[in-house]
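This report goes through one model, from a single helix to the overall fold and its largest pocket. Please keep the sequence and the structure in view while reading.

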Amino acid sequence: VVTRVSAGVVVSIQDLLQNIFNVALYAAIMDWTDPFQTATDFSILACAHNATFVIAAPLAGFSAQHLGHTSHFALGVVLSLGGVIAAKYVLTAMPRAPGAEHQSIAVTA
């Protein structure tokens, strides 16, 4: 039985993780922008990020309704893990914008 307190904790953790993801994504977006058109590049990438929410929201509702909540969240875990693995390969292979070396936020020893 899920109580209101445990549901609130789960929602809070999900919200925290979503915000951590957004910080990492937007840091990467800034790393990919061309220094001579940063605002344009950032705006396009930010709009693409937000468009995924518009597309994903109805799909999530459809999935939860037809699969049931347990299967829906299990599918979410599998897709998330797949996304993490794919991101590792895509982001390491992606070239940085010319002149973006000074924009790096990576901490080096």
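Where in α2 does a kink lie? The kink is at A56, shortly before the proline P58, and amounts to about 30°. The model is a predicted one, and the values below are computed from it.

**Fold**

The protein contains three helices and zero strands. Read from the N terminus, the order of elements is α-α-α. Of its 109 residues, 13% count as buried.

**Helix α2**

Helix α2 covers residues 38-67. Its 30 residues reach 42 Å from the first C-alpha to the last, which is close to the 44 Å expected at 1.5 Å a residue. The buried residues in α2 are D41, A46, H49, S63 and A64. Just after α2 comes G68, whose phi is positive, at about 90°.

H49 belongs to helix α2. This histidine counts as buried because its relative accessible area is 10%, below the 20% cut-off. The H49 side chain also makes a polar contact, at 3.0 Å, with the side chain of Y26.

**The end of α1 and the loop after it**

Helix α1 spans residues 4-32, and T33 sits in the loop between α1 and α2. T33 counts as buried because its relative accessibility is 0%. A polar atom of the T33 side chain lies 2.9 Å from the backbone oxygen of M30.

W32 is part of helix α1. Its relative accessibility is 23%, so W32 counts as partly exposed; buried would require a value under 20%. From C-alpha to C-alpha, W32 is 9.4 Å from L45 in space, and the two are 13 residues apart in sequence.

The three residues described singly are set out here.

| Residue | Location | Relative accessibility | State |
|---|---|---|---|
| T33 | loop between α1 and α2 | 0% | buried |
| W32 | helix α1 | 23% | partly exposed |
| H49 | helix α2 | 10% | buried |

**The largest pocket**

How many residues line the largest pocket, and which of them lie nearest its centre? The lining has 31 residues, and those nearest the centre are Q18, F21, L79, S80 and G83. The elements giving two or more residues to this lining are α1, α2 and α3, the last spanning residues 69-93. Helix α3 supplies the largest share, with twelve residues.

The volume of the largest pocket is about 1300 Å³. By residue class, its lining divides into 22 nonpolar and nine polar residues, with no charged ones.

**Summary**

In short, this is a predicted model of a protein with three helices and zero strands. Helix α2 has a kink of about 30° at A56, and the side chain of H49 makes a polar contact with that of Y26. The largest pocket has no charged residues in its lining, and α3 contributes the largest share of that lining.

Terms used: Residues numbered from 1 in each chain as written. Predicted model: local features only at pLDDT ≥ 70, side-chain atom pairs only at ≥ 80, totals over all residues. Heavy atoms only, no water. Helix = DSSP H or I, 4+ residues; strand = E, 2+ residues; numbered from the N terminus. Buried < 20%, exposed > 50% of the residue type's maximum accessible area, 1.4 Å probe, protein only. Polar contact = N/O pair within 3.5 Å; in protein donor to acceptor, adjacent residues only side chain to side chain. Expected span 1.5 Å × (residues − 1). Bend = angle between axes of the 7 residues up to and from the residue. 1 Å grid on protein atoms, 1.4 Å probe; cavity = no way out; pocket = protein on both sides within 12 Å on 5 of 7 lines; lining within 4 Å. Points joined across faces, edges and corners; volume = space filled by probe spheres on them. Nonpolar A, V, L, I, M, F, W, Y, C, P; charged D, E, K, R; others polar.
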